[in-house]
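Visitor: I have a model open and some terms to test. Can you take me through the reasoning behind them?
Guide: Gladly; here it is.

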Amino acid sequence: AEHGSILLRDEGGETLSFHCVRGTASTSLKQLNVGIGEGIAGWVARTGQSAMSQDVRKDHRFTGRIARQVNMEPRAILAVPLKGKRSLQGVVEVLHADGRPPFTQEDLLGLEGLASQMGLVVENAKLFNVHGEEIRRLEALTSASTVVNSTLDLKQFLKLVMELAARTLRAEASSILLKDKASGDLLFDIATGQAADQVKTL
């Protein structure tokens, strides 16, 4: 294919943005958005189905708005959805102009296979970004524990770490068990969650 792009769904879920673009109009495309349902890529995002158009001039889904804005005239377009486990993440699109061989069913299946893997990667990356700040705070606190001075209340510090860890991992409860010097048993020292007080008596 002469041109290719990866469009990702924006946070609001109503538009697609060009994130990775290959071809002569790459710089211009990265500044544009496509509405869900607009054009062939938008149709793929709305329906979750792949599209193979051998002549976009005869395809009612093709609007030509993006092509006109970047001064590019595609002839054939192949577009497939980027799907994660939870939701559609975006669209992968390849296209070429006149004089190139038509897309085949093998091309479609190959791009769908690639997109299925990419969709999971994109979804996981987004999930990490959502919790990235909490993870960084947790890492900072954990690292700081090696240099804090003796005036710090250790229990309060450990409780804060556990609360951050539980929130980051979306856990309902968390606890730290410390070894009792006299008996050698593990005792609940720090606990968070609805049953925190009962747990510490065990």
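Visitor: Which residue in E3 does threonine 15 stand opposite?
Guide: Glycine 35. Bear in mind that this is a predicted model.

Visitor: What makes E2 and E3 a pair?
Guide: Pairing takes at least two bridges between two strands. E2 and E3 have three, in the antiparallel sense. Therefore they count as paired.

Visitor: How do you know that E1 and E2 pair?
Guide: The threshold is again at least two bridges. E1 and E2 are joined over six, also antiparallel. So they pair. One of the partnerships sets isoleucine 6 against cysteine 20 in E2. Five residues lie between the strands of this hairpin, where glycine 13 has a positive phi near 80 degrees.

Visitor: Why is helix H2 called largely enclosed?
Guide: Buried means under 20% relative accessible area. Seven of the nine residues in H2, which spans 39-47, are buried, so the rest of the structure largely encloses this helix. The buried residues are Gly39, Ile40, Ala41, Gly42, Trp43, Val44 and Ala45.

Visitor: What do the buried residues of H2 pack against?
Guide: Strands E1, E2, E3, E4, E5 and E6. Contact here means heavy atoms within 4.5 Å. After H2 comes glycine 48, with a positive phi near 75 degrees.

Visitor: What makes a residue part of the lining of the largest pocket?
Guide: An atom within 4 Å of a pocket point. The lining has 13 residues, with Arg57, Met72, Glu73, Pro74 and Arg75 nearest the centre. By class, six are nonpolar, two polar and five charged. The pocket holds about 210 Å³ of space.

Note on methods
Residues numbered from 1 in each chain as written. Predicted model: local features only at pLDDT ≥ 70, side-chain atom pairs only at ≥ 80, totals over all residues. Heavy atoms only, no water. Buried < 20%, exposed > 50% of the residue type's maximum accessible area, 1.4 Å probe, protein only. Helix = DSSP H or I, 4+ residues; strand = E, 2+ residues; numbered from the N terminus. 1 Å grid on protein atoms, 1.4 Å probe; cavity = no way out; pocket = protein on both sides within 12 Å on 5 of 7 lines; lining within 4 Å. Points joined across faces, edges and corners; volume = space filled by probe spheres on them. Nonpolar A, V, L, I, M, F, W, Y, C, P; charged D, E, K, R; others polar.
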